[in-house]
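Here's a quick briefing to read alongside the model. Have the structure open and follow along, topic by topic.

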Amino acid sequence: MKRFAKRTISLIVAVSLLGGMITIAYAKGNANISAFTKQEIKTGETIELKLKIKDNPGFCATQLDVVFNAKLVSFLGSARGNASTGKGSLFAANATNNTVSIAIVGIKPLSKDGIIATLKFKALAAGTLDFTINAVNFADKDENEMPISVNGVTVTVSSSEQEDNITVPTPSPSKKPETALSFLDVSQNYWAYNYIQSAVERGLFSGVGDNMFDPEGKITRGMFVTVLFRYDGGVASGTPKFKDVPPNAWYADGVVWANNKEIINGMGDGKFYPNLYISREQISVILYNYFGKPKVSITTLNEFVDKEKVSNWAQNAMAWAVNEGIISGKAGKRLDPLAFASRAETAAIFGRL
């Protein structure tokens with residue numbers, strides 16, 4: 001193994017020993033990594049900095065440093081993105097002083113465009129904040145270093161009267177957020193309150209009008225791919241290939257993006273049926289495709305009394321979703337794969353990703 005791959009693996013081991021989070025990704029070719037986030041933040045708020053890769057032909061190892069002003073923000077943690085998921089891959093991120101060092105290595109190349117990592121920071125003081133990406137190295141499957149371009153981002157942090165009020169993008173279900181939701185039909189005692197608040201704050205969901213969220217309302221196929229599209233931060237290119245998806249439909253961009261990424265393929269007759277309600281097993285399949293179809297054993301399904309209700313084409317996806325804690329069972333050891341998902345359940349799913 002060449003020197004670069006050894007350095008990358010060593011950094012991953014070092015970060016792991018230091019308690020850094022482990023996740024995944026890969027590289028090769030003339031790609032671009034850009035940092036993006038909200039460009040106006042108040043002190044006390046949480047900044048979600050997403051690192052997005054574009055024109056990615058597939059890489060197997062990378063190292064990069066994200067440099068920030070430690071007087072203005074503090075590092076809270078990291079999470080993987082859709083472009084850093086694959087069999088046998090490793091991801092580590094660790095902060096020292098004013099730098100977050102990220103190392104990614106994989107057995108097989110990852111070639112998805114999208115988010116490779118999300119870094120979270122707390123805004124400490126007002127000022128102009130630059131996030132820059134330095135020390136970028138990319139290697140292909142043969143461990144040859146490949147060129148990569150990068151773009152940072154500038155954020156304006158303004159003072160807030162409530163400097164200790166932190167907005168957490170994915171709050172713990174056991175802890176109530178500090179900023180109350182204004183929806184009349186979602187009380188703070190509602191089981192999905194924190195998940196709904198997180199989804200709204202992250203721009204994944206909005207209300208349905210009249211200050212209502214409709215938590216028990218059902219999710220359609222068009223709605224779900226639109227929420228996933230927002231979660232990914234992707235870009236739609238082209239026009240819908242399904243004859244029942246008008247180009248000017250509010251869900252068209254999400255459908256186009258998901259189809260281009262081979263996350264969805266319709267229902268076999270040239271149609272997508274965007275207005276049909278989406279089932280728990282259909283959600284599992286879409287997310288399973290989105291995360292690269294990881295290898296999984298369907299024996300996980302044996303613990304559920306209704307396992308035989310899972311469609312053959314959804315078995316791997318349902319087993320994966322259960323293993324990852326994305327889909328949970330219901331009372332009586334039921335998986336209920338054909339049940340339609342509610343808006344609250346969907347918000348909870350995205351809170352677990």
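How many of the nine residues of helix 4 are buried? Seven of them are, so helix 4 (residues 252-260) counts as mostly covered. Keep in mind that this is a predicted model. The points below start with that helix, move through its neighbours, and finish with a sheet.

**Helix 4 and what follows**
- The buried set in helix 4 is made up of A252, G254, V255, V256, W257, A258 and N259.
- Those buried residues pack against helix 3 and helix 5.
- Just past the end of helix 4, E262 has a positive phi of about 60°.

**Helix 3 against helix 5**
- Helix 3 covers residues 221-232 and helix 5 covers residues 280-290; the two pack at an angle of about 30°, and their axes are 11 Å apart.
- That angle makes helix 3 roughly parallel to helix 5, since anything under 35 degrees counts as such.
- As for handedness, helix 3 goes past helix 5 in a right-handed crossing.
- On the helix 3 side, the contact uses R221, F224, V225, L228, Y231 and D232, and these meet Q282, I283, I286, L287 and Y290 of helix 5.
- Sorted by type, the residues of this contact come out as eight nonpolar, one polar and two charged.

**Helix 5 against helix 6**
- Helix 5 also meets helix 6 (residues 315-323): here the axes come within 8 Å and cross at roughly 85°.
- So helix 5 sits roughly perpendicular to helix 6, because the range for that label is 65 to 115 degrees.
- R280, E281, S284, V285, L287 and Y288 are the helix 5 residues in this contact, and they meet N316, A317, M318, W320 and A321 of helix 6.
- The split here is seven nonpolar, two polar and two charged.
- L287 of helix 5 is worth clicking on: it's listed in the contact with helix 3 and again in the contact with helix 6.

**Helix 7**
- Helix 7 (residues 343-352) is largely enclosed by the rest of the structure, because eight of its 10 residues are buried.
- The buried ones are R343, A344, T346, A347, A348, I349, F350 and G351.
- They pack against three helices: helix 2 (193-201), helix 3 and helix 5.
- Helix 3 and helix 5 therefore turn up as packing partners for the buried residues of helix 4 and for those of helix 7.

**The open sheet**
- Five strands make up an open sheet with mixed pairing, and their order is 6-9-4-2-12.
- Strand 6 and strand 12 (148-151) are the edges, each pairing on one side only.
- From one strand to the next, the twist averages 20°.
- Strand 9 (residues 114-123) is mostly covered, with nine of its 10 residues buried.
- One antiparallel partner of strand 9 is strand 4 (residues 46-54), joined over eight bridges; look for L49, whose bridge partner in strand 9 is L119.
- Strand 6 (residues 73-80) also pairs with strand 9 in the antiparallel sense, over seven bridges; here F75 has F121 as its bridge partner in strand 9.
- Parallel pairing shows up between strand 2 (residues 31-36) and strand 12, over four bridges. One bridge to find there links S34 to N151 in strand 12.

Technical notes: Residues numbered from 1 in each chain as written. Predicted model: local features only at pLDDT ≥ 70, side-chain atom pairs only at ≥ 80, totals over all residues. Heavy atoms only, no water. Axes fitted to C-alpha atoms, helices over the stretch in contact; angles between N-to-C directions. Parallel < 35°, antiparallel > 145°, perpendicular 65-115°, else oblique. Left-handed = near helix turned anticlockwise from the far one by under 90°. Contact = heavy atoms within 4.5 Å. Nonpolar A, V, L, I, M, F, W, Y, C, P; charged D, E, K, R; others polar. Buried < 20%, exposed > 50% of the residue type's maximum accessible area, 1.4 Å probe, protein only. Pairing = 2+ DSSP bridges.
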